[in-house]
Amino acid sequence: MKLQRLTAMMLAGALALPGVAFAQNEGESVLTAVPQQLTAWVENYNPMNATTVLPTVLDFMFEPLVVFNAIKGGEANYRLATEYSYSEDQLSLTFTMRDGAKWSDGEPLTAKDVAFTFNLIKEFPALDLRAVWPKLESVEASDDKTVTFKFKQVDAGLIYQIVQTYVVPEHVWADVADPVTFTNPNPVGSGPLTEIRRFSPQEYIQCRNPNYWDNAELEVDCMRLPQVSNNDQVLTMASNGELDWFGSFLPDIEKTYVSGDPDHRGYWFPAGSPVFVSLNMESEDPGLKEAFNDVNFRRAFSMAMDRQAMVDIAGYGYPTANEYASGLGKAYDVWNNAEAEAEYGKFARFDIEASKALLAESGYADKDGDGFLETPTGQPIALEIIVPNGWTDWVNTVQLAVEGLAEVGINASMATPESPAWTDALITGKYEAALNAAATGVSPHFFLDGSLHSRNIGQNRFAAARYVNPELDAALDAFNATTDADAQREAMTKVLALIAADMPLINVFNNPLWYEYNTTRFTGFFNADNPVARPVVYAGVPERLLHLLALSPVKQ
């Protein structure tokens, strides 16, 4: 065991941090992190809840079968599973489970828990956050070590969704009457940190799993998660040296954060998620439904977006403007469909006069004299764009969007719900428009499928536009129906052509992966000089587990 304990001096330093007032054993290493911003923590440890689940439940409380490292081309890092293999016809995927793995209560963790979990989400589709069952025939455990997934058809990408469906213990969850609303108040997990030492709406402490199979590699005994409401509060705490690992937009980061202690403070912003405006195409408002389902309205909306101002003003230059009609973004430019961009790229560039002209040509006009446009059939258009409270860069982005829309005659405003409410609205479709973003994977197929395949509607927030295009669904499915590189490229070319032509999402820029750290108390942080894996602390990037396991307390 390579665990290095903090000295009494380090403990004294940690205990001096505001809010560190919990029962702490001598010599424990406590890492303070901010993976999410909101006004109060809600106690929910259900890994199959998409809205109020605490941000350290996935990966840290419940471990994946495998972590595929996107930075290293999808390299497999085996966790609960030790290997996987496909049948010759590629219609069966078999995982071999790790010998000796246990749940945090000491019970064996076996392939039967995996089969139970997947059949549970089949019984309760609301739990199927990765929409795996439409593609599966069955999931069966042939013994304690072997579990086999049978596919309806060849799907080279389904494994990435399967390993991000987190396994729960059958001996606990079999007796849960309603696993959809279950908050899992006494969690039994599989990951490195499963014990909740303290919980309040202002702070919670998550500590070491005594039965974790990889405890020899874990040197962080506890994570402390203070409640933080917004980017400004993160900056204040970071400037005071209170945070070890966090991910937040910080304006002028060199000046506001790094310069305060350049020997210990750092950041790394690898290319990240595409950020876009979702327009709810199933809106019950007749004017919005008519406008949002009109490709010319979406194109005009897109041309009213001053993407470079959003990057320069709202994002302090950190994001990258996305002027791809397909939404591909520069990070995936090697997949680009140049022909589609040549034809439709103009709709993804800021052009107020062209936007006005297209709206006029399409029948949008101010027919009642209120200064805003009505639809071709005379319906009023008034939309509210929601963005999570406290995400100041996104809030400023939406303000710029609203200004551009007003300039072309579209009546838009902004609302800032808490992030769980924002997420719930996107999943349930109870919203009009939203600033949104999709998680990225090894290829662009991951985020394009997650945000635009109709099977994902109501399953995740990425598909909030509720866009249905059977031809696009088929093209996305065709990508994963083969492992042949040329055939996949051909399928992606068609996917990008369809998206560019119909512009179902209004892409504006690509976020960097927000990641900052302080080496005063811990070392081993990934960065541009040590690019092991995507380093963020927030949920949705399973490689954060590899990062946690790489951290060590500073030796005294």
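Let me open with the second largest pocket, whose lining residues divide into eight nonpolar, six polar and one charged. I should say at once that this is a predicted model, so please take each value that follows as computed from it. The pocket has a volume of about 250 Å³, and of the 15 residues that line it, Met48, Asn49, Ala50, Ala126 and Val180 lie nearest its centre.

From the pocket I turn to the enclosed spaces. The structure holds three cavities of 30 Å³ or more, and the largest cavity contains about 50 Å³ of space. Which elements give two or more residues to the lining of that largest cavity? They are strand S13, residues 271–279, and helix H14, residues 445–452, with H14 providing the largest share, four residues. If you would like to find the site on the screen, look for the lining residues, among them Pro274, Phe276, Phe447, Leu448, Ser451 and Leu452. By class, the lining of the largest cavity has seven nonpolar and four polar residues, and no charged ones.

Strand S13 brings me to the sheet, since S13 is also one of the strands in an open sheet of six, which runs in the order S14-S18-S13-S17-S15-S16 with mixed pairing. The edges of this sheet are strand S14, residues 320–321, and strand S16, residues 411–415, each of which pairs on one side only. S14 pairs with strand S18, residues 506–512, in the antiparallel sense and over two bridges, and within this part of the sheet Ala321 stands opposite Phe509 of S18.

Next, the aromatic residues. A search of the whole structure finds 30 aromatic pairs, and one that I would like to show you is the pair of Phe297 and Tyr364, which is tilted, with 5.6 Å from centre to centre and 40° between the planes. This pair links distant parts of the chain, 67 residues apart, with Phe297 in helix H8, residues 295–303, and Tyr364 in the loop between helix H11, residues 352–361, and strand S15, residues 382–386. Both Phe297 and Tyr364 are buried. Elsewhere, ring pairs join Phe68, Tyr78, Tyr84, Tyr86, Phe95, Phe118, Phe149 and Tyr160 into a cluster.

Rings also meet charges in this model, and I have two cases to point out. The charged end of Arg98 sits over the ring of Trp213, at 3.7 Å from the ring centre, while the charged end of Arg489 sits over the ring of Trp335, at 4.9 Å from the ring centre.

Finally, a word on backbone angles. Asp252 is not a glycine, and yet it has a positive phi of about 45°; its place is in the loop between strand S11, residues 245–246, and helix H6, residues 253–256. Met503, likewise not a glycine, has a positive phi of about 45°, and Met503 lies in the loop between helix H16, residues 485–502, and S18. Is each of these residues buried, exposed or partly exposed? Asp252 has a relative accessibility of 35%, and therefore counts as partly exposed, whereas Met503 has a relative accessibility of 3%, and therefore counts as buried.

Key. Residues numbered from 1 in each chain as written. Predicted model: local features only at pLDDT ≥ 70, side-chain atom pairs only at ≥ 80, totals over all residues. Heavy atoms only, no water. 1 Å grid on protein atoms, 1.4 Å probe; cavity = no way out; pocket = protein on both sides within 12 Å on 5 of 7 lines; lining within 4 Å. Points joined across faces, edges and corners; volume = space filled by probe spheres on them. Nonpolar A, V, L, I, M, F, W, Y, C, P; charged D, E, K, R; others polar. Phe/Tyr/Trp six-rings, centres within 6.5 Å; stacked < 30°, edge-to-face > 60°. Buried < 20%, exposed > 50% of the residue type's maximum accessible area, 1.4 Å probe, protein only. Lys NZ or Arg CZ within 6 Å of the ring centre and 35° of its normal. Pairing = 2+ DSSP bridges.
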